[in-house]
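These are my notebook entries on a structure that is new to me. I set down what I looked up, entry by entry.

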Amino acid sequence: MKKIAVLTSGGDAPGMNACIHSMFQTCALNNVALYGVRRGYSGLIEGDLYKLKYEDVRNINNIGGSFLGTSRCKEFETPEGRQKVLEILQKNKIDCLIAIGGDGTFSGLIELEKIYPNVIGIPGTIDNDLGYTERTIGFDTAVNNAVNAIDIIQQTMIANRRISIIETMGRHCGLIALHSATAGNASIVVTSEKPKTEEELEELIKIQVKRGNLAPCVVVAEKLFDVNALARRLEKNLGIEARGIVLGYIQRGGSPTVSDRILAMRYAVESVTNAIAKKFGFVLGLRADKIIKESLNNFKNFSPNFEEELFEQFCARKKI
Ligand code: F6P
């Protein structure tokens, strides 16, 4: 094993840089060169990769985003695009490609593996929506970012006696909403796994108000409601001021938390160690605090694990 290439793909996630930092260190200890691919599969198709030096990674451990850049690449979804990638990997004598990303990134790796078998996937997405693993890099930071925002919003909402409808990210997965609502002491949480109609939500808010809640805070996962329209509806029907707030990208940036840095480091070491041992064709994950390997072809057979018990505890505590 002489050369490993790494890329980040899909939505960036805090901790991706920390992962590459640790990969570099593990490679250096084993006399392996680490190549960085700029802008994910888009950069790989164009041959945009370079040998990383210590100066490139020295100060990135605590920085969010991805210093390599990332993309969602349509061309890589075509056989022609993947053929170009194969040629680039062969031309640069890359012995293993490690891709950090989520569902789309790994789906791309499944196809690439058919013509270039030496691939490994590391789960990096704030959504934590990969069912085969309990944790992806970036989720913990995104939840912490969301909770910080919810704490701040609740202070001003309570002062003004307003209802807040706060939208979190997560694509189709409600885990960012569930965790941030729980830690942020929201009144109600709505996700695609536990949906509610606008009418049901209104009834629940009425109950909260009757119980003396001065400023009911509702956390909703993205893609479910127009939070501004919902706030206007609540104002009209309940006669209480309401605000819709989309948290957006403040969840996805920022310095990775301790948990994300450590997880990133563990995935990094495991990926490089396996590559050196010439073990390929899997994605890494975490189960019961152990790093596990799941075969690339099997990772899609696990549906995202919505944490039912946490949801039930949230509802019981809030009496909803
Ligand atoms: O997958 C990460 C994520 O932030 C999702 O939570 C969100 O739905 C999506 O990416 C947004 O993607 P983009 O920044 O490409 O619009």
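**Entry 1. A pair of opposite charges.**
I began with Arg171, which is partly exposed at a relative accessible area of 34%. I should record at once that the model is a predicted one. I looked up the partner of Arg171 and found a salt bridge between its side chain and that of Asp127, at 3.6 Å from N to O. I then asked where the two residues lie. Asp127 is in the loop between β5 and α6 (139-160), and Arg171 is in the loop between β6 (163-168) and α7 (175-183), so the pair ties together parts that are 44 residues apart in sequence. Asp127 has a relative accessible area of 10% and is therefore buried, the limit for that class being under 20%. I noted the general point that side chains of opposite charge can pair when their charged atoms come close.

**Entry 2. Further salt bridges.**
How many salt bridges does a search of the whole structure find? I recorded 22. I looked at some of them in detail.

Arg233 forms a salt bridge with Glu202, and their closest N and O atoms are 2.9 Å apart. This pair links distant parts of the chain, with Arg233 in helix α9 (residues 227-238) and Glu202 in helix α8 (residues 198-210), 31 residues apart. I checked the cover of both residues: Arg233 counts as partly exposed at 23% relative accessibility, whereas Glu202 counts as buried at 8%.

Glu75 forms a salt bridge with Lys84, and here the closest N and O atoms are 2.6 Å apart. I found Glu75 to be partly exposed, at 33% relative accessibility. Lys84 is also partly exposed, at 38%.

I closed this entry with a network of salt bridges that links Arg38, Arg39, Glu46 and Asp48.

**Entry 3. A polar residue under cover.**
I turned next to Asn17, in helix α1 (residues 16-29). Is Asn17 buried or exposed? Asn17 has 1% relative accessibility and so counts as buried. I then looked for a polar partner and found that a polar atom of the Asn17 side chain lies 3.2 Å from the backbone oxygen of Gly64. Which residues are in contact with Asn17, once its neighbours within four places in sequence are left aside? I listed Ile60, Ile63, Gly64, Gly65, Ser66 and Phe67. Gly64 thus appears both in this list and as the residue whose backbone oxygen lies 3.2 Å from the Asn17 side chain.

**Entry 4. Strand β10 and its partners.**
I examined strand β10 (residues 282-287), which is mostly covered, with 5 of its 6 residues buried. I recorded a parallel pairing of β10 with strand β5 (residues 119-123), over 2 bridges. In that pairing, Val283 of β10 stands opposite Gly121.

I also recorded an antiparallel pairing of β10 with strand β11 (residues 290-295), over 6 bridges. The bridge partner of Leu284 in β11 is Lys293. The hairpin of β10 and β11 has 2 residues between the strands, and Ala288 takes a positive phi near 50 degrees there. I added the general remark that in a regular strand the side chains alternate between the two faces of the sheet.

**Entry 5. Positive phi values in loops.**
After Ala288, I looked up other residues with a positive phi. Most residues other than glycine have a negative phi. Lys93, which is not a glycine, has a positive phi near 55 degrees. I located Lys93 in the loop between α4 (79-91) and β4 (96-101). Lys93 is exposed, with a relative accessible area of 62%.

Lys278 has a positive phi of about 60 degrees, although it is not a glycine either. I located Lys278 in the loop between α10 and β10. At 56% relative accessibility, Lys278 counts as exposed.

**Entry 6. A nonpolar patch.**
Last, I looked at helix α10 (residues 258-276), where Met265 is found. Which residues form a nonpolar patch on the surface together with Met265? I noted Val258, Ile262 and Val269, and the patch has about 330 Å² of accessible area in total. Met265 itself is partly exposed, with a relative accessible area of 37%.

Key:
Residues are numbered from 1 along each chain as its sequence is written. This is a predicted model: local features need pLDDT of at least 70, side-chain atom pairs count only at pLDDT 80 or more; totals for chains, interfaces and linings use all residues. Side-chain values use heavy atoms; hydrogens and water are left out. Buried means under 20% relative accessible area, exposed over 50%, partly exposed in between (1.4 Å probe, protein chains only). Helices (H or I, at least four residues) and strands (E, at least two) are DSSP runs, numbered from the N terminus. Two strands pair if DSSP finds at least two bridges between them. Patches are made of residues with over 30% relative accessible area and no salt bridge: like charges are joined within 9 Å, nonpolar side chains (Val, Leu, Ile, Met, Phe, Trp, Tyr) within 5 Å. Accessible areas come from the Shrake-Rupley method with a 1.4 Å probe; for residues, only the protein chains shown count as cover. A salt bridge is a side-chain nitrogen of Lys or Arg within 4 Å of a carboxyl oxygen of Asp or Glu. A polar contact is a pair of N or O atoms within 3.5 Å; within protein, one must be able to donate a hydrogen and the other to accept it, and residues adjacent in sequence count only if both atoms are side-chain atoms. Contact means heavy atoms within 4.5 Å.
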